[in-house]
Amino acid sequence: MTSTGTGIRLDAPAPGWAIAADVVVVGSGVAGLTAALRCTAAGLATVVVTKARLDDGSTRWAQGGIAAALGEGDTPEQHLDDTLVAGAGLCDEDAVRLLVTEGPDAVRRLIATGAHFDTDDSGAISLTREGGHHRRRIAHAGGDATGAEISRALVEAVRTQAVRTIENALVLDLLKDGHGRTAGITLHVMGEGQHDGVGAVHAPAVVLATGGMGQVFSATTNPSVSTGDGVALALRAGAEISDLEFVQFHPTVLFLGADSEGQQPLVSEAVRGEGAHLVDAAGTRFMLGQHELAELAPRDIVAKAITRQMQAQGAEHMYLDARHFGAGMWEQRFPTILAACRSHGIDPVTEPIPVAPAAHYASGGIRTDLRGRTTVPGLYACGEVACTGVHGANRLASNSLLEGLVFAENIAADILANPGGPTPTPVQGKSVAADLLDGPVPLLDPAARIRIQRIMTNGAGVLRSAASLAEAAARLEEIHADERKAAVPGVEAWETTNLLLVARVLVAAAAAREETRGCHWREDRPDRDDAAWRRHLVVRITPGRSLDIRPTTSATFPPTVAATPPGAVTVSTPEELRPQPVDVPLIQIGAPVQGGGCGDDCGCGGEEVYECGLDPALAALLAESGLDPVQVEDIAHLAIEEDLDGGFDVTSAATVPQDAVATGDFTAREAGTVAGLRVAEAILSIVCTEEFEVERHVADGDRVAAGQKLLSVTTRTRDLLTGERSALNLLCRLSGIATATRAWADALEGTGAKVRDTRKTTPGLRALEKYAVRCGGGVNHRMSLSDAALVKDNHVIAAGGVAEAFKAVRDRFPDLAVEVEVDTLDQVTEVLDAGADLILLDNFTPAETAEAVALVAGRAMLESSGRLTLANAAEYAATGVDYLAVGALTHSSPILDIGLDLREAGREGSA
C-alpha cells in the first residue's frame, strides 16, 4: 500500500539551511554505509547523515561475527533452515532466502572493500558456530571485535570515495512533495560543522539505517543514540511498522548496579560457548534441567530462566562463572570483555561475573519489501530499524550484519533502477508535536526519559502479562497527557518524545499478541498459538491520527508497493546494476578453525560489547604501553565533552575559516621527561572531523630539552584549536609526573632501590598517572584495593593488633600478597614472624631503616615512606631498602610546560 502520511511532525524551528542530493542515507552502520557506497559508486550524489561521528555507528559495537554459508559443506539452504527455526514460524521465507543466497557474495564484497577477518595459519577465514546454527558459518574479526573491523573498513571506504557526510546530526522528520512522495528530511546538526541548527536535505530517496531503539529500556546493550528515531520518524510519516513486540533481550549483560541506567557492557554468548556456567550466589548452576543445551540454550530461554531465578531468590542478578578459563584464555579469546569487566572493578579470572538480561536487538521495525521499500514512496529502510521479515519472532545469532549488507545493496540497486528525477519540492507545513489521538501536544521534558525506561523495563521487559502491559500503557499515557512540563525544542526533548512514541506502540503490539512466541513471552499466555497468531501485527498512525493495529493474513508480508496496473510499463533492475560476485583469491574460505573459537556444540550468539573506536594502530601503541585503549578513549571523550559542554568552540568558529588546515607542533617549553603523547593523539583523533597526519618526534619516557618538538599534527585548524587545551592538559600533567619521577630515579641510580608511587591519584586518571610514573623510571604500587592486601594503622586498630590484622588477611586470602605498614622496630619482628611479604617502614629515620634492613635480612621486601625528600633519598636507599614510596609523584607534581605552536598550511583543496 502507499501511505498518505499523518501530517504529524516534531515541534522544531523551520530549517535555516538546505542542500540537495540524489540520495540521503541516515545512519553510519554497516547498512547505511554500504548503501551509501553503492549509490556513490554508481554516480549518485549521496549524503550520509549520522547522529554521532561517522565511525560511531551501532555496527562497531557488534562483537560476534557475520553469518554466511562460506564453509565447506555448508549451503544457503541449511542457513535458511536454521534461520526459519530461530524465527519461530514468523520469518518471511522469501526474505530469508534472499538473505542466505546473496549473503556469501555480499561478505566477499565486504572483504574486497577492505574488511579483514580472522584467519588461521593457512590464510583461511576462521569460521565458528553460534547458537541455532548447525554449521560453522560465523566469520569474525579481532577475536571479539568484528563490528569494529567492519566499521573501520566501511568508514575508510566512505572517506576514500569522499562521500559527503553530516555528522552529529539528529534526523527529525521526513519531507514529502505534493504527491506524498519522499522529498528529503529535516535534521538538527548538534554543534560546530559546515551546517548548524535545523536544516534540510532535499532528495527523492531517503534510506533510514538509524539502528535500534534499546534506549526505550533502562538497561540495554545499545549505545545512547539508539532512541528509536527512525521508527518514530516513519510512524509520523505514515509508514507501517511491524513486529515491534519482538525485542530480543541478551541474557548475560554485565550488572553494574540496580541504579545503573543506559548502555551496559555485554558478556558474549561465546563465553558460555567456551564453557562458562550460569550460577546463583551460592554457586549452584540453575540451567541444568531447564533445557537440553543448559547454558547454551537459545537466548530467550536463558534470559527468561535468569529473570525467573532472580525473582525467586529476590536477587538483582545472577553470575557467569568462567574462572576455570584461566588468565591466558581470557586474554587471548576475550580481550575486550576482559578489559570491560576490569574497567568496572570485576576480574573474570578470579571471580564470577554478575550478569542480568538487558534489551539487545529489535527484530521488528519499519516494514519493507525485498528491495528495502517501505509503504511511503521513496522511503527505504535497512538494518535494525527495518522489519524485512528475515528475523521473524527471534533473530538468529549473527544474521543482523548480513541483513544490513544484503538489503542495503538491494536498496541501492532499486534506487538506481528507479531514479527519482529532479529534486522534489517539499510541501510546506506547520511544525507540530506528535499525538496519536487528539491535537498537537508539546514536546516531552527530557526528565521523562528515565520514567519511560523504567516503565518499559518493569511492564514490557523479558516477562510480560496483560496486567503488566496494561499498567505500562496507563503510565505511558500519563506521561503523554502531562503538559505541565512542556519542553522547548532540543535534542533531548526530541529523543524523549521519540522514545515515548515507540514505547506506546511497542506496548500496544505486545498487549495485542496474546500468545508466547520467540522473544515475546506472555506469562498469562505461555503457549504458542499458530492457529490464531502465526501472522504479523502491522501498526500505523492513520491520517486521523489514531493508532491502527491489524494482523496480516499469514506469516508472509503483503506488498509495500501497490501492484502494477495491467498494461503499465515495469522497470526491472539492469543486470549491470545488480551486486556482482567478487573473487578474493588470497583468502581460502571455509577451512576448519585451528584452536580457540567455539566448539561444535556452541550455542553462542556472541554479540555486542563496548569496542575501542580509536585508530587500530594508535590503539595498538597504547596497549603496548600497558594502557587500555578503551579507557583512554573514554577519558578523551570526557575531556572533550567537558571542554565543549554540549556546544562548540565559538572563538575558533568565528575566527578560523571552516576549511583552513594547519600544522601544530607540540613543543616543550622547559626540559623534562615526556609522557602522554599517545593520549594527546587520542584526544585529537576524537575531536578532528577529518583525517589528520601525525609526525612523532620523541617517545614517552624520553628526556626533552626546552624548545624541542614532541609531536606535529596536521589537520583542520578549527579542530586542532578545539582539541588543544584538552590534549595539553593531560600531556602537561603526565609529563610533569614523569619529570618528577625521573628526578627521584636519578637520585636512586646505582643504589638498587626503586622509587614507587601510591594510590594518591586523580580520580579517573590512575592508570594514566601510574603510566607516567613508569615513563619516569619509577615502578607502580598496587592499582586498586583488590590487587594486594595492605594492612595500615586503622586496620591494626580494628583487628586488635598488627599481628592479628595480618593473620586475618592471610586466613581470608591465603594466595594474596600481604603488605603491612609498621611504625616501630618491634612491629617489624612481629609481622616478619607472621610471614609478611612486604613491610612498609612508616616515618623511620635512616638509622632505624638500616636497623630494620639488618633485622629482616632479606626475608621480606622493605619500603620506606614518610620523611623522604630528594635530598635524603640516596641516604635512605643506601640502607638497602627495596622501595621508596613517594605519594607526591601523582598527587602534587607540578606540570611540565608544553605548548602548541601553530603553522598555517592553507586550505583544503588548495595547491
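## A small set of paired strands

In this predicted model, three strands form an open sheet in the order 4-6-5, and their pairing is antiparallel. Strand 4 (66-67) and strand 5 (127-128) stand at the edges of this sheet, and because each of them has a single partner strand, one side of each is left without a neighbour in the sheet.

The link between strand 5 and strand 6 (residues 138-139) consists of two bridges, and these two strands run antiparallel. A reader who wishes to find this pairing in the structure can look for Leu 127, whose bridge partner in strand 6 is Ala 139.

## Aromatic rings and charges over rings

When the whole structure is searched, four aromatic pairs are found. In one of them, the ring centres of Phe 325 and Phe 334 are 6.4 Å apart and the ring planes meet at 20°, and because planes under 30 degrees apart count as stacked, this pair is described as stacked. Phe 325 and Phe 334 are both buried, and ring pairs join them with Trp 330 into a cluster.

Rings also take part in another kind of arrangement, in which a charged group lies over the face of a ring. Arg 395 is placed in this way over Tyr 361, at 4.1 Å from the ring centre, while the charged end of Arg 756 sits over the ring of Tyr 883, 4.2 Å from the centre of that ring.

## Cysteines without disulfides

How many disulfides does the structure hold? The number is zero, and two cysteines can serve as illustrations. Cys 382 is in no disulfide, and the nearest cysteine sulfur, which belongs to Cys 39, is 9.8 Å away, whereas a disulfide requires the two sulfur atoms to be within 2.5 Å. Cys 382 is also buried, with a relative accessible area of 1%.

Cys 387 is likewise in no disulfide, and the nearest cysteine sulfur, that of Cys 91, lies 10.0 Å away. With a relative accessible area of 2%, Cys 387 counts as buried.

## The two sides of helix 22

Helix 22 (residues 802-812) has among its residues Val 802, Ala 805, Phe 806 and Val 809, which are buried. These four cover an arc of only 100° around the axis, which puts them on the same side of helix 22. An α-helix has 3.6 residues a turn, so residues three or four places apart point the same way.

What does the buried side of helix 22 pack against? Its buried residues pack against strand 30 (789-791), helix 21 (793-799), strand 31 (818-822) and helix 23 (825-834). On the face of helix 22 that is turned away from this buried side, the exposed residues Lys 807, Asp 811 and Arg 812 are found.

## A buried aspartate and its contacts

Asp 665 belongs to strand 24 (residues 660-668), and it is buried, with a relative accessible area of 4%. If residues up to four places away in sequence are not counted, Asp 665 touches Lys 709, Leu 711, Ser 712, Gly 899, Leu 900, Asp 901 and Arg 903. Asp 665 and Gly 899 are 234 residues apart in sequence, yet their C-alpha atoms are 8.1 Å apart in space.

## The chain as a whole

The protein chain contains 26 helices and 35 strands, and of its 911 residues 58% count as buried. Among the contacts between residues at least 6 apart in sequence, 73% join residues that are at least 24 apart.

Terms used. Residues are numbered from 1 along each chain as its sequence is written. This is a predicted model: local features need pLDDT of at least 70, side-chain atom pairs count only at pLDDT 80 or more; totals for chains, interfaces and linings use all residues. Side-chain values use heavy atoms; hydrogens and water are left out. Two strands pair if DSSP finds at least two bridges between them. Rings of Phe, Tyr and Trp (its six-membered ring) pair if their centres lie within 6.5 Å; planes under 30 degrees apart count as stacked, over 60 as edge-to-face and the rest as tilted. Buried means under 20% relative accessible area, exposed over 50%, partly exposed in between (1.4 Å probe, protein chains only). A charge sits over a ring if NZ of Lys or CZ of Arg is within 6 Å of the ring centre and within 35 degrees of the ring normal. The arc is that of the directions from the helix axis to the C-beta atoms. Contact means heavy atoms within 4.5 Å.
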